[in-house]
Amino acid sequence: MLDSFTIRRIQSLMNGYIHEKVPAPLRTMVKLTYVMNGDELILTEERPAEVRYRWDVMPIARFQWEGEQWKVYARDEHSSWHAVDVIEPCPDFEDLLEQVERDETGIFWR
């Protein structure tokens, strides 16, 4: 289980990442969000839906704290989460976030 200091550190890191990733002029067209629940964090992208005042949510990546390290998961075309084999589990969340951002295999930012 993650301690409160680690949770606050990750929240601060994610808030800064999201602020830098989407320039202010584009925030009415796309936004990044995340949900942290226990030992899991899901990064999502949201875009305006066809229904007014609603947003379509598309999960990008799932980070799971497992056995003293983070593991990254991606969704397939059937909306099932699968471990990303090309990204090794790591105790440093920021390192894994950087690898998701680079997305060298093209599985996150389609």
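This passage describes the nonpolar core, the aromatic pairs and the charged contacts of a predicted model.

In soluble globular proteins, nonpolar side chains tend to be buried together. In the present model, the largest nonpolar core holds 27 residues. The members that touch the most other members are M14, F63, W70, V72, F93 and F108. Several elements of secondary structure contribute to this core, and at least two residues come from each of helix α1 (4–21), strand β1 (31–37), strand β2 (40–48), strand β3 (55–66), strand β4 (69–75) and helix α2 (93–102). The largest contribution is that of α1, which supplies five residues. The surroundings of F93 illustrate how these elements come together. When neighbours within four places in sequence are set aside, F93 is in contact with I10, L13, M14, L41, F63 and W70. Among these partners, M14, F63 and W70 belong, like F93 itself, to the core members that touch the most others.

Aromatic side chains were considered next. A pair of aromatic rings is described by the distance of the centres and the angle of the planes. Three aromatic pairs are found in the whole structure. One of them joins F63 and F93, whose ring centres are 4.8 Å apart and whose planes meet at 55 degrees, a tilted arrangement. Because F63 belongs to strand β3 and F93 to helix α2, this pair ties together parts that are 30 residues apart in sequence. The relative accessible area of F63 is 0%, so F63 counts as buried. F93 is likewise buried, because its relative accessible area is 1%, under the limit of 20%. A further pair is formed by W70 and F93, with 5.0 Å between the ring centres; the planes stand at 70 degrees, and the pair is therefore edge-to-face. Here W70 is in strand β4 and F93 in helix α2, so the contact ties together parts that are 23 residues apart in sequence. Both W70 and F93 are buried. A single aromatic cluster is made up of F63, W65, W70 and F93.

A polar residue was also examined in its surroundings. T44 is located in strand β2. Its relative accessibility is 7%, and T44 is therefore classed as buried, the limit being 20%. The side chain of T44 is joined to that of T33 by a polar contact of 2.4 Å. Beyond residues up to four places away in sequence, T44 touches K31, L32, T33 and Y34, together with V57, M58, P59 and I60. By their positions, K31, L32, T33 and Y34 fall in strand β1 (31–37), whereas V57, M58, P59 and I60 fall in strand β3 (55–66).

Charged side chains form another set of contacts. Side chains of opposite charge can pair when their charged atoms come close. The structure contains six salt bridges. In one of them, E94 is paired with R9, and the closest N and O atoms are 3.8 Å apart. This salt bridge links distant parts of the chain, since E94 is in helix α2 and R9 is in helix α1, 85 residues apart. E94 has a relative accessible area of 32% and is therefore partly exposed. R9, at 37% relative accessibility, also counts as partly exposed.

Another salt bridge is formed by the side chains of K21 and E101, with an N to O distance of 3.0 Å. K21 lies in helix α1 and E101 in helix α2, and the pair links parts of the chain 80 residues apart. K21 is partly exposed, with a relative accessible area of 30%, and E101 is partly exposed, with a relative accessible area of 30%. K21 also takes part in a contact with an aromatic residue: K21 lies over the face of W109, 4.4 Å from the ring centre.

A salt bridge between strands is provided by the side chains of E46 and K31, at 3.8 Å from N to O. E46 is placed in strand β2 and K31 in strand β1, with their positions 15 residues apart in sequence counted as apart. The two partners differ in accessibility: E46 is buried at 13% relative accessible area, whereas K31 is partly exposed at 28%. The charged end of K31 also sits over the ring of W55, 4.2 Å from the centre of that ring.

Conventions. Residues numbered from 1 in each chain as written. Heavy atoms only, no water. Core = buried A, V, L, I, M, F, W, Y, C linked by side-chain atoms within 4.5 Å. Buried < 20%, exposed > 50% of the residue type's maximum accessible area, 1.4 Å probe, protein only. Helix = DSSP H or I, 4+ residues; strand = E, 2+ residues; numbered from the N terminus. Contact = heavy atoms within 4.5 Å. Polar contact = N/O pair within 3.5 Å; in protein donor to acceptor, adjacent residues only side chain to side chain. Phe/Tyr/Trp six-rings, centres within 6.5 Å; stacked < 30°, edge-to-face > 60°. Lys NZ or Arg CZ within 6 Å of the ring centre and 35° of its normal. Salt bridge = Lys/Arg side-chain N within 4 Å of Asp/Glu carboxyl O.
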